[in-house]
Amino acid sequence: MKTLKLCGGEVVNPDGEKKGRLDIFIEGDRIKSIGTDLGSADETIDVSGKTVFPGFIDIHCHLREPGQEYKEDIMSGTYAAAKGGFTAVCCMPNTVPAIDNASVCALVLSKAQNASAKVYPVGAATKELKGKELTEMGELAAMGCVAFSDDGRPIGSGAMMLAAMQYAQTYGSFIMAHEECLDLKGTGVMNEGLNSTILGLPGIPRAAEETMIARDLILAESYGLRVHIQHVSTRGGITLIRAAKQRGVSVTCESAPHYFSADDSWCSGYDARTKVNPPLRTPDDVAAVKEALLDGTIDAIATDHAPHHKDEKNIEYALAAFGISGFETAFSLAVTNLTQDNDKLAALFSVNPSRIIGKPGGVIKEGVPADLTIADMEAEYTLTEQSLVSKGKNSPFIGHALRGLVTHTIVDGRLVYSGGASCK
Ligand SMILES: [Zn+2]
Ligand SMILES: [Zn+2]
């Protein structure tokens, strides 16, 4: 079996015993030993001065395949994920056709076999994401779907959401909920507030998100069900989730880097790269998201990587597609705007995501799959469009100075990405 040794890195391992400046010896797809004087390997990578994290897991992304390969495909998307340090990603089912049956799921899994990151599909909760009829969740779960969601759309009917949560739980699974009341959203394209008024753009009220979070927390609590709330963006939503967690409700949640890195003032100038759903909120919401990530109310940072073709973004704000291309900036945005506490970063990018989806990860120890993310925490660079390897170049952070850069990503003992210098 091929062997690989990582030398001299600072091992960050909040859930493991071995941490600090240590070497890691990989044999085949597994970590064989961690320590010093581990002998020679077929290949050695000097990672001294760098930080070694358990592989990052992104529990919310859009790989667009099948059906929208002009935006992204599984190969390009997982390479962008690997460049961002993600060793595994959960892809949402709003493909064309949707991942709502075994054959589409099998297609995604087969395309993912040679991908640069592990791909865990999230199955559709309802057929064609229409909110009318449940999918065959048992069959999809058996194939490897780690959760169910109609992401991109809410499950509008409370009765249908309850049925979906109950049915998923039957198979030991759960719903990832895209919380949005379409009536309250109306024709909104950005956060409802002073900035939407100044720009003359229709607003999306916080209530569109918060009312649905409240509904699903009540369903989870009343019926003893588990729910995961996606892309939390408002202080009110966080307050509801924090209180529910204190009451013992089985809820986890995520937020995305853009919700702690940008606010709705960024929409001035009608730059459609800032158009995302839920929308960028106010500075107070940004502060609330940061607090909640640091105090553990928000369990995970997920990218909601939503690549689009430039012709869908470089147009009038009201007509542009919702979404930000997020794989390649997530870690740097967290280091730049949230925290430089390595244990906290490991918790939000690896330990908690692994627990939420019930897949291996989150710890560096002997015998586990060798999924590792190596970063230069001191690197500073300005993000350029040319540096993005995703087909989607729709990032509002292009031109911004960022700190912390992934330099190597290892999946099952394979070096799937190395670089970092090119975009310095
Ligand atoms: Zn969503
Ligand atoms: Zn999404």
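Select glutamate 128 in this predicted model. Glutamate 128 is exposed, with a relative accessible area of 52%, a value over the 50% cut-off for that class. Its place is the loop between strand E9 (123–124) and helix H3 (137–143). Check the backbone here: phi is positive, about 55 degrees, although glutamate 128 is not a glycine.

Move on to leucine 129, which is found in the loop between E9 and H3. Leucine 129 also shows a positive phi of about 55 degrees without being a glycine. Is leucine 129 buried or exposed? Leucine 129 is buried, at a relative accessible area of 8%. As background, most residues other than glycine have a negative phi, and most peptide bonds are trans.

Two peptide bonds come next. Select valine 96 and proline 97: a cis peptide bond joins them, with omega about 0 degrees. Proline 97 sits in the loop between E7 and H2. Then select asparagine 277 and proline 278, which are also joined by a cis peptide bond, here with omega about -5 degrees. The loop that holds proline 278 runs between helix H9 (257–261) and helix H10 (283–295).

Now display helix H1, residues 74–83. Eight of its ten residues are buried, so the helix is largely enclosed by the rest of the structure. Colour the buried ones: Ile74, Ser76, Gly77, Thr78, Ala80, Ala81, Ala82 and Lys83. What do the buried residues of H1 pack against? Their partners are strand E7 (86–91), helix H2 (102–111), strand E8 (118–121), strand E18 (401–411) and strand E19 (414–418).

Go to isoleucine 175 in strand E11 (residues 175–177). Isoleucine 175 has 0% relative accessibility and counts as buried. Beyond its neighbours within four places in sequence, isoleucine 175 is in contact with Ala125, Met137, Phe148, Met161, Ala164, Met165, Ala168, Arg226, Val227 and His228. For a distance across the model, pick the C-alpha atoms of isoleucine 175 and glycine 413: they are separated by 32 Å, with these positions 238 residues apart along the chain.

Arginine 226 is worth selecting together with phenylalanine 174. The charged end of arginine 226 sits over the ring of phenylalanine 174, 3.6 Å from the ring centre.

Aromatic rings are the next topic. The whole structure has eleven aromatic pairs. In one of them, tyrosine 167 and tyrosine 171 have ring centres 5.3 Å apart and planes at 80 degrees, so the pair is edge-to-face. Tyrosine 167 is partly exposed at a relative accessible area of 25%, and tyrosine 171 is partly exposed at 38%.

Select phenylalanine 331 and phenylalanine 349 for another edge-to-face pair, 6.0 Å centre to centre with 65 degrees between the planes. Phenylalanine 331 lies in helix H12 (residues 330–337) and phenylalanine 349 in helix H13 (residues 342–357), so the pair ties together parts that are 18 residues apart in sequence. Both phenylalanines are buried. To show the aromatic cluster that includes them, add Phe53, Phe56, Phe86 and Phe327.

Finish at the largest pocket, which holds about 260 Å³ of space. Of its 16 lining residues, His62, Arg64, Asn94, Gly152 and Phe322 are the closest to the centre. By class, the lining divides into three nonpolar, nine polar and four charged residues. Keep Phe322 selected and add lysine 275, which lies over the face of phenylalanine 322 at 4.6 Å from the ring centre.

Definitions and conventions:
Residues are numbered from 1 along each chain as its sequence is written. Chains are lettered from A and ligands numbered from 1 in the order in which they are written. This is a predicted model: local features need pLDDT of at least 70, side-chain atom pairs count only at pLDDT 80 or more; totals for chains, interfaces and linings use all residues. Side-chain values use heavy atoms; hydrogens and water are left out. On a 1 Å grid over the protein atoms alone, a cavity is a set of points where a 1.4 Å probe fits but cannot get out, and a pocket is an open set with protein on both sides within 12 Å along at least five of seven lines; lining residues have an atom within 4 Å of a point. Grid points are joined across faces, edges and corners, and a volume is the space filled by probe spheres set on the points. Ala, Val, Leu, Ile, Met, Phe, Trp, Tyr, Cys and Pro count as nonpolar, Asp, Glu, Lys and Arg as charged, and the others, Gly among them, as polar. Rings of Phe, Tyr and Trp (its six-membered ring) pair if their centres lie within 6.5 Å; planes under 30 degrees apart count as stacked, over 60 as edge-to-face and the rest as tilted. Buried means under 20% relative accessible area, exposed over 50%, partly exposed in between (1.4 Å probe, protein chains only). Helices (H or I, at least four residues) and strands (E, at least two) are DSSP runs, numbered from the N terminus. A charge sits over a ring if NZ of Lys or CZ of Arg is within 6 Å of the ring centre and within 35 degrees of the ring normal. Contact means heavy atoms within 4.5 Å.
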